[in-house]
Amino acid sequence: MPPTVFPKGVTINLPDKAYACYVVFDGRDGCSYVIDMNGNDVRTWPHSGFPSEIIDPAVNGGRKGHVFLQKNHDEFNNESLLEMDWDANIVWQWGEAAPGGKAHQAWDQARLANGNTLVFSIADHEESSRAEWKFADQAIYEVTSAGDIHWTWRSCDHLAQFGFTGEKLDLLVAQNSRPRPTVLILNNMSPLGPNKLFDGGDDRFHPENIMTDSRVGNFIAIIEKSTGDIAWQVGPDYEGAYDLSRRSFSGELPRPIDSISGQHDAHLIPPGLPGEGNILLFDNQGAAGMPHVHLATWAGSRILEIDPLSKQILWQYDASVSNQPYWQFYSCFISSARRLPNGNTLICEGMHGRIFQVTREGEVVWEYVNPHFGIYGAHNSSTGHGSANWIYRAQPVPYDWVPDGTPRSEKPVIPPDHADYRVPTN
């Protein structure tokens, strides 16, 4: 665990190496924030989200600074998905027209180029053949601007396609040893969008297809939008994944995927960014996997960049790349990773409320620690007591995605030497 007292706000900013942008994230105090490179709150909305994300103006009629949030924020039982403008006016919401009269939006949402919205929701599920089945389903709805459901996909209709039948399904159910809302715990829903793989003739990567990943199922998959079938998948079985004698996941690159476990935020790197067309994800190495797999004796997380055709790891970040022990970088749940235009990667170490940028070589060139604390919440605490600053996801926001004239600061922040720094006593 981190120390009881630790710095908050921006602790590192090296302007000559960091990519300058805004960052939006969900606070634990019921609000969402846009910060600049010096950690100043340049915009706050009175709602949180799961996640809070600014909508790309290119798919939103050119409107800048619109954001997805939740009404009556509850990660798994919220009332509505909101679209709010820069001035915190509600310009669109979906909930009353949802099955059961509530959005139950969780894990993700996405505005499409046609103006519709993909909503990832908790859905009812009936399973009469298994007495121990006590999980809900997950559904993806494509919702029109008028609130009508245009397309639906439900995860439990595809368990066999994902590879879960017989003993494998028994193991999947057994993995849910603590109360969880759904069986697969799909925690990502990313439309592929334009990409060089489809341009090269591979129909599995059609821009309308959707990438998802499962925490306990330990896989990444692409849903074919036109049929609902699974067009591409990696996991839950990996080459050498169960070799418990290994001490780490380090080694020569590229190499086959050795294992992912509890991963989040799998998506194709968009066109124009370094590594475009590759998969980027936060490999939590949390208590998940088929069966559980751990980085080493001491847990640590990693960021993986994967070639979806060869299914090989092309780039990896873990704490050892920054000359630290593996356990120095770890979030067993939530979290995200996004590629930046200069080749850096913005990482959200969600469990500890830490957002940072690393270079390709692993140098930390920007760092922010969330100062907005609140009650743990149902997402990661059965007691609901205590205070935490966890962040579900952090989104890099280009300067031209928000209204012109929005203030920003990019002053250098040089951290003190850890060995010498002391908190003043008077």
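Where is the place of Ala88? Ala88 sits in the loop between β7 (80–84) and β8 (90–94). Keep in mind that what you're looking at is a predicted model.

Ala88 is worth a click for its backbone. Its phi is near 70°, a positive value in a residue other than glycine. As for cover, Ala88 has a relative accessible area of 28%, so it falls in the partly exposed group, which runs from 20% to 50%.

Asp265 also has a positive phi, about 65°, although it is not a glycine. This one is found in strand β18. With a relative accessible area of 1%, Asp265 is buried, because the cut-off for that label is under 20%.

**The chain as a whole**

Zooming out, the chain has three helices and 28 strands. It runs to 426 residues, and 58% of them count as buried. If you take the contacts between residues at least 6 apart in sequence, 57% join residues at least 24 apart. On the outside, the chain exposes about 17700 Å², with carbon and sulfur atoms supplying 51% of that area.

**Two cis peptide bonds**

Next, have a look at two bonds leading into prolines. Here they are side by side:

| Peptide bond | Omega | Place of the proline |
|---|---|---|
| Phe50 to Pro51, cis | near 5° | Pro51: loop between β4 (41–45) and β5 (53–54) |
| Gly235 to Pro236, cis | about 5° | Pro236: loop between β16 (230–234) and β17 (255–256) |

**Cysteines**

How many disulfides does a search of the whole structure find? The count is zero. For background, a disulfide is a covalent bond between the sulfur atoms of two cysteines. In this model, then, no pair of cysteine sulfur atoms turns up within 2.5 Å, the distance that the search requires.

Is Cys31 buried or exposed? Cys31 counts as buried, because its relative accessibility is 18% and the label needs a value under 20%. Cys332, at 22% relative accessibility, counts as partly exposed.

**A cavity and the loop beside β18**

Now for the inside. A search of the whole structure finds two cavities of 30 Å³ or more. The second largest has a volume of about 30 Å³.

Which residues line the second largest cavity? One part of the lining is Leu192, Pro194, Asn195 and Lys196. The other part is Leu268, Ile269, Pro270, Pro271, Glu276 and Gly277. By class, that makes six nonpolar, two polar and two charged residues.

Gly272 comes right after Pro271 in the numbering, and Pro271 is among the lining residues. Gly272 lies in the loop between β18 (264–268) and β19 (279–283). Asp265, the buried residue with the positive phi, is found in β18 itself. Gly272 counts as exposed, because its relative accessibility is 61% and the bar for that label is over 50%.

How far apart are Gly272 and Asn195 in sequence and in space? The two are 77 residues apart in sequence and 9.8 Å apart in space, C-alpha to C-alpha. Asn195 is itself one of the residues lining the second largest cavity.

Conventions. Residues are numbered from 1 along each chain as its sequence is written. This is a predicted model: local features need pLDDT of at least 70, side-chain atom pairs count only at pLDDT 80 or more; totals for chains, interfaces and linings use all residues. Side-chain values use heavy atoms; hydrogens and water are left out. On a 1 Å grid over the protein atoms alone, a cavity is a set of points where a 1.4 Å probe fits but cannot get out, and a pocket is an open set with protein on both sides within 12 Å along at least five of seven lines; lining residues have an atom within 4 Å of a point. Grid points are joined across faces, edges and corners, and a volume is the space filled by probe spheres set on the points. Ala, Val, Leu, Ile, Met, Phe, Trp, Tyr, Cys and Pro count as nonpolar, Asp, Glu, Lys and Arg as charged, and the others, Gly among them, as polar. Helices (H or I, at least four residues) and strands (E, at least two) are DSSP runs, numbered from the N terminus. Buried means under 20% relative accessible area, exposed over 50%, partly exposed in between (1.4 Å probe, protein chains only). Contact means heavy atoms within 4.5 Å. Accessible areas come from the Shrake-Rupley method with a 1.4 Å probe; for residues, only the protein chains shown count as cover.
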